[in-house]
Every structure is written in structure tokens, then in C-alpha cells.
Amino acid sequence: MEGKIIKLLLLSAITLTACSVQQEEQVTNKRDLIEQVLDLSKAPDVIPAAFFHHFPDKFGPKAIEEHIAFFKATGNDILKVQYETLPPQWEIKTAKDFEKVVELPTEYFEDQLQVIEALAKQYKDSALIIPTVYSPLLILHQAAGGPAVDEVIKQNPAAAEPAFEKLAKSIANYIRAARERGADGFYVSSHGGNIEFFGQDSEVWTKYLRKWDKYISEIADSVAPLNILHICGGEYKDLDAWADYPGTIINLPEFDVKKLRHAQEVFKRPILGGLDHRGVLINGTLEELLAHVDTILTEGPQNLILGANCTVPDSTSSERLRAVIDYAHTWRQTHKK
């Protein structure tokens, strides 16, 4: 039943798009679509949308093919390149072990850079190529076997700071190289000020980690014209405290429409989101999902890129995401007052 509804929606969207000559003239490609939403003085005629997930193959031709297949199948308005480069593995049991962490040179990221370069060659004229970059803390988790390293950080955050710095500068090396290979900007993850890790009022965050977390956004902002600030999920005391981070578009862990509208007023930038990556987007019927989208687009921020608050599960069907994206594209034409 859901498959039939999706097909009907796709046929309706195709018919409406073909009839809307004015819309065709205003939006020549997906780059233009995102650029229009950046103008906060007016609501764009077409609401962009984008959803992301990881792929089975991380590097090489198959990874490139999987990114392209997903981009085509969903109709995504952003071509986001997933970050899959794992750091070296360092056992960190004591404060002295942080000395094992080293800055990673550009060459370390070559496999990832080749994926970016191939996608940019094929799509750069028609879509924004936006690679993901992780935070220093998340990379340290990958290098040291997960969040257990947080206890060592809490015991001696001053000893951990040089590790944060080296990993932040490693990602800066990657960002600069990725820009040279064709990236238009970056999806920059902030991580560590969540209450379940350190909390934004903790000394670990305020004195030792935040500046290196923010540094990634600053480097991206210095080399690329369009960046998405993604604040990783979890509980936060006050997300407004991230308003001093650079970033052209803001992707928050929140999906409440009133809070998203508030965020656009505070950050004064477009918002990416609206849907919970594990809620009705994944578990609801298509009718329930589109009804929820109606609420988001009616009550949410004016300059919204419809999406999720985080990466959706890999099992999410491209056909389902395509139905939502096409629905958003035609929403302002089908819901005129």
C-alpha cells in the first residue's frame, strides 16, 4: 500500500513540476536551490530537502557509486560525502597516554579525498559537494575505543588538551585538502558539550575542548563559502550558546518546530532539520509522515531545509525519502493560501 502511495505522490510531483514554468526558471539546479534559502528576507518558492546515511563501502569506486546512487534515488538537494577515515588506535588509560596522539598529515586522508574528488568532477556544476568532518572528541573516541576515554579526560583535562589540538589540526589538514579537491563546504560536527559527555558548563568543555571543537568550524569558514554546523545529538542546557560558531546553515539535535523557529531567530541562519532521525520519518506510515511534514512546513522556520536531526538508519528506503523530498519541493505550490 505504501509503495502505491509513493508512486502516486511521485506522479503528482512530476506533473506539478512540469506545469510550473516559473519554478523551473527560478531553480536551474540544486546549488541555486540552496542559495535561495540563504536569503532570510523571504521564503524560497521551493523548499529544499536532504537526508543522509552511511554506505556499505567506505572508499574506492564502490563508495563513489553508492553516494551517486543514493543521491539520484532520493533527489537530495545536497550531496554530502560521509566521513569514514578511522584514526590510528591508541590505548589511553592514563593522562600520560595522551602523548601518543599525533597530528595526521593530509596524506592520511587520501582514500577519502579521492571519493570527494570523483563526486565533485561529476556533480560540482549542479549540486553542492559537502563532506562531513568529525569533532576532535569524536575522533579521539574512535582512536581510543569509545567514550570510556572520557573518564581519563575528566581526571586530567589539561593533559588531554594537546590531543584535542593535534586532532583538530588533523581535521584542518583534511578540510584544506578536500576544498582543493572540489568540496564546496563542510558538514561540521560539534561534540562534547552535551550533558551526557561533559556538559557545556563543565571546565572540560569551557576551558579545554570547546576552542578546538569551534576551531574546526573556523577553519571550514576560512576556506569554504557554505558550511553546515551540526550539533550532535543529546541533551544540552542551552543550544543558543553555539550561536558564536561559524556556519552558514545550522543542523540541531532538536526537531520541535517552535525550538527550530527560535533557533533561526537566534542564529540568524537557515535551519536544516525538522524530523527526528528515528521517529515518524522511519517508523510512521507515509500518511503520518507527510502529515507531520505539513506541520513542520506550516509552523517551522521560514528558511528551512527539510531534513533530519542526524544521519538516518542505513535501512531507510530511498523511495520513502524521495517521496518526502518531492513533497517538500512542491509544498509551497500545493499549499498556497
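Two strands pair if DSSP finds at least two bridges between them. Keep that rule at hand for the first views of this predicted model.

**View 1. Strands S2 and S3 lie side by side in parallel.**
Strand S2 covers residues 129–133, and two bridges join S2 to S3. Because the rule asks for at least two bridges, S2 and S3 count as a pair. Look for threonine 132, which stands opposite tyrosine 187 in S3. Now follow the side chains of S3: Tyr187 and Ser189 point one way, while Val188 and Ser190 point the other way. Are these four residues of S3 buried or exposed? Tyr187, Ser189, Val188 and Ser190 are all buried.

**View 2. Strand S4 has parallel partners in S3 and S5.**
Strand S3 (residues 187–190) runs parallel to S4, and four bridges join the two. Within this pairing, valine 188 has leucine 229 as its bridge partner in S4, and serine 189 has histidine 230. To get from S3 to S4, the chain passes through helix H9 (residues 203–223), and this β-α-β crossover is right-handed. S4 also pairs with strand S5 (residues 249–251), again in the parallel sense, over three bridges. Here you meet histidine 230 once more, as its bridge partner in S5 is asparagine 251. Which way do the residues of S4 point? Ile228 and His230 go one way and Leu229 and Ile231 the other way, and all of them are buried.

**View 3. Aspartate 184 sits in the loop between H8 and S3.**
With a relative accessible area of 4%, aspartate 184 is buried. The cut-off for buried is under 20%, so the 4% of aspartate 184 falls within it. Which side chains make polar contacts with the side chain of aspartate 184? One is arginine 31, at 3.0 Å, and another is lysine 124, at 2.8 Å. Leaving out residues up to four places away in sequence, aspartate 184 also touches several others, including Ala127, Leu128, Ile129 and Ile130. Further along the chain, Ala224, Pro225 and Leu226 are among the residues that aspartate 184 touches.

**View 4. Aspartate 244 sits in the loop between S4 and S5.**
Here is another aspartate to compare with the one in the previous view. Aspartate 244 has a relative accessible area of 41% and is partly exposed. That label applies because 41% lies between the 20% limit for buried and the 50% limit for exposed. Setting aside neighbours within four places in sequence, aspartate 244 is in contact with Arg210 and Lys214. The side chain of aspartate 244 makes a polar contact of 2.7 Å with the side chain of arginine 210. As for lysine 214, its C-alpha atom is separated from that of aspartate 244 by 9.0 Å, and the two residues are 30 places apart along the chain.

**View 5. Aromatic rings pair up, and some of them form a cluster.**
A pair of aromatic rings is described by the distance of the centres and the angle of the planes. How many aromatic pairs are there? The count comes to eleven. In one of them, the rings of phenylalanine 109 and tyrosine 174 have centres 5.1 Å apart and planes at 35°, so the pair is tilted. This pair links distant parts of the chain, 65 residues apart: phenylalanine 109 belongs to the loop between strand S1 and helix H5, and tyrosine 174 to helix H8. Both phenylalanine 109 and tyrosine 174 are buried. Another tilted pair is made by tryptophan 242 and tyrosine 245, with centres 6.4 Å apart and planes at 35°. Tryptophan 242 is buried, with a relative accessible area of 1%, and tyrosine 245 is buried, also at 1%. The cluster linked by ring pairs consists of Tyr83, Tyr108, Phe109, Tyr134 and Tyr174.

**View 6. Nonpolar side chains gather in a core of 93 residues.**
In soluble globular proteins, nonpolar side chains tend to be buried together. Which residues touch the most other members of the largest nonpolar core? They are Phe51, Phe98, Leu140, Ile153, Phe186 and Leu306. Helix H8 (residues 157–180) supplies the largest share of this core, eleven residues. Zoom in on phenylalanine 98: not counting residues up to four places away in sequence, its contacts include Ile92, Leu140, Val149, Val152 and Ile153. Phenylalanine 98 also touches Ala159, Ala160 and Ala163. A second, separate core has 13 residues, among them Ala50, Leu128, Ile249 and Ile305.

How values were computed. Residues are numbered from 1 along each chain as its sequence is written. This is a predicted model: local features need pLDDT of at least 70, side-chain atom pairs count only at pLDDT 80 or more; totals for chains, interfaces and linings use all residues. Side-chain values use heavy atoms; hydrogens and water are left out. A nonpolar core is a set of buried Ala, Val, Leu, Ile, Met, Phe, Trp, Tyr and Cys residues joined through side-chain atoms within 4.5 Å. Buried means under 20% relative accessible area, exposed over 50%, partly exposed in between (1.4 Å probe, protein chains only). Contact means heavy atoms within 4.5 Å. A crossover is right-handed if, with the strands pointing away from the viewer, the path from the first strand over the helix to the second runs clockwise. A polar contact is a pair of N or O atoms within 3.5 Å; within protein, one must be able to donate a hydrogen and the other to accept it, and residues adjacent in sequence count only if both atoms are side-chain atoms. Rings of Phe, Tyr and Trp (its six-membered ring) pair if their centres lie within 6.5 Å; planes under 30 degrees apart count as stacked, over 60 as edge-to-face and the rest as tilted.
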